[in-house]
Amino acid sequence: MSNGEQREQWSGRLGLILAAAGSAVGLGNIWRFSYITGEMGGAAFLLVYLIVIFVIGVSVMVAEFSIGRAAQRNAVGSFKVLKGGAWPIVGWMGVIAGFMILSFYGVIGGWTTPYIFKSFGSMMQQMSGAEIKAAGDMAGELFGGFVSNSVQVIAYQAAFMLVTILVIAKGVAGGIERCCKWLMPGLFVILIVLIIRAVTLEGSGAGLAFYLQPDFSKLNASVFFAALGQAFFTLSLGMGCMITYGSYIGKNEKLPVSAAQVAVLDTSVAFLAGLAIFPIVFAFGIPPSSGPGLTFISLPACFSHMPGGSFWSGLFFLLLFMAGLTSAISLLEVVVAYFRDELGWSRPKATWILGTVIFLIGIPSALSLGGNFPTIMGLSFLDLMDKTTANFLLPLGGLFISLFVGWVWLDGARKEVTNHGKIEFALLGAWVWVCRVIAPVAIAFIFYNKVVGF
């Protein structure tokens, strides 16, 4: 961005909240949250997750907003402006994480598109005439056949990335904000409709009990580690998104209020997604610990045995597409902002070039689940990228951001979150304590207990 060019801003608080919530709300809230909650025992994980979100997650988000708004730069440039030295490496970690996440995110987002159309095609009719277990086997074969078709998977990945590029190329207010103002309300409407249908199914009560009644015997280090990784993944923390979005926030906005509102919206979507998914899964006797296949294998089998299954399936995968798009937009914006600020590229140039590069980097992930790409350490390339970013890069980014705000740039951070003394932040002392001690110690402790078990 040239020195004479005025930095783009959100049109107001609503634009910021919906765009930042759109960044946070994504496939992580529905696809990733549902299967991790199932694997980690349901309500016990949910409780830990909520505590992590509102103690550590919101604090780190306020820290990222304050860094971005104070510096008026991208994730790397912000650390250069505020401190320099080795600190820009933290921003680079975020940019790299954004590259990696969007590379496989575009693949999964691409999967949602054909499933919208398959829902109204022969998929539902074929499975509806079989027993639920047989329907699940059919859904598994259908998914396996789809991800094994390299040309088809890459084509849908390209289509999803193209939509993301077109939105980012329109700019902050005209592209990102306008898109999220339409998509975010639509997400909530679809979720509410799905929940109403899910909880009226016979046998749904067992799913609600699994999801809402904690079994504390299931708590262990793995649960805390998974909750931390999911919190950072779903809130888009540690990857530069909220620093970049913070640089577009007006100086009169209240950062703590904005961060809390984003977290509430994001967590509401994840919580509501669980209310829609687990009653359906239990009503049809599907194991909640089905893993990543829960969304693309188990749920289609369940939908096929529901009256109006095509409609409910199509609605669900439309929800997934919309959620995936809002997050993909923010991930691309992180890297675009870096190249605009640091190299002076125009927005269209940065968007098209970087979007294309990320698409190409994502091809190994597109090929990996179909057996068309070698495994690494026993993991598919897509799973490796997912684990590396969610379990390592994002928490590490959050750790260093907390240390930076709590110990290195504390005076500047205090001024930024209080708008230079113009607003009162009642929890300022608690926030500083979380950034200085609680968040770093919690992240470091969980790493110490689980990193060897990667």
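## Two buried serines and two helix crossings

The backbone oxygen of S119 lies 2.9 Å from a polar atom of the side chain of S310, in what is a predicted model. S310 itself is placed in helix α15, which covers residues 309-343, and because its relative accessibility is 18%, under the 20% cut-off, this serine counts as buried. When its neighbours within four places in sequence are set aside, the contacts of S310 are with S119, F120, M124 and Q125.

S119 also belongs to helix α5, given as residues 88-119. The axis of α5 comes within 12 Å of the axis of helix α7 (residues 132-148), and the two cross at roughly 135 degrees, which means that α5 is oblique to α7. The crossing of these helices is right-handed. On the α5 side the contact is made by W111, P114, Y115 and K118, which meet L142, F143, F146 and V147 of α7. By class, the residues of this contact comprise seven nonpolar, no polar and one charged.

A second serine, S66, is found in helix α3, residues 43-71. Its relative accessibility is 0%, so S66 counts as buried. A polar atom of the S66 side chain lies 2.7 Å from the backbone oxygen of A63, while the contacts of S66, leaving aside neighbours within four places in sequence, are with L255, W409, E416 and V417.

The two serines can be set side by side as follows.

| Serine | Relative accessibility | Backbone oxygen at the side chain | Distance |
|---|---|---|---|
| S310 | 18% | S119 | 2.9 Å |
| S66 | 0% | A63 | 2.7 Å |

A63, whose backbone oxygen lies 2.7 Å from the S66 side chain, also takes part in the contact of α3 with helix α17. The axes of α3 and α17 (residues 381-408) come within 10 Å and cross at roughly 65 degrees, and therefore α3 is roughly perpendicular to α17. This crossing is left-handed, whereas that of α5 and α7 is right-handed. From α3, the residues V60, A63, E64 and I67 meet G398, I401, S402, F404 and V405 in α17. These residues divide into six nonpolar, two polar and one charged.

Notes. Residues are numbered from 1 along each chain as its sequence is written. This is a predicted model: local features need pLDDT of at least 70, side-chain atom pairs count only at pLDDT 80 or more; totals for chains, interfaces and linings use all residues. Side-chain values use heavy atoms; hydrogens and water are left out. Axes are lines fitted to C-alpha atoms, for helices over the stretch in contact, and angles run from 0 to 180 degrees between N-to-C directions. Helices (H or I, at least four residues) and strands (E, at least two) are DSSP runs, numbered from the N terminus. Angles under 35 degrees count as roughly parallel, over 145 as roughly antiparallel, 65 to 115 as roughly perpendicular and the rest as oblique. A crossing is left-handed if the near helix is turned anticlockwise from the far one by less than a right angle, and right-handed if clockwise. Contact means heavy atoms within 4.5 Å. Ala, Val, Leu, Ile, Met, Phe, Trp, Tyr, Cys and Pro count as nonpolar, Asp, Glu, Lys and Arg as charged, and the others, Gly among them, as polar. Buried means under 20% relative accessible area, exposed over 50%, partly exposed in between (1.4 Å probe, protein chains only). A polar contact is a pair of N or O atoms within 3.5 Å; within protein, one must be able to donate a hydrogen and the other to accept it, and residues adjacent in sequence count only if both atoms are side-chain atoms.
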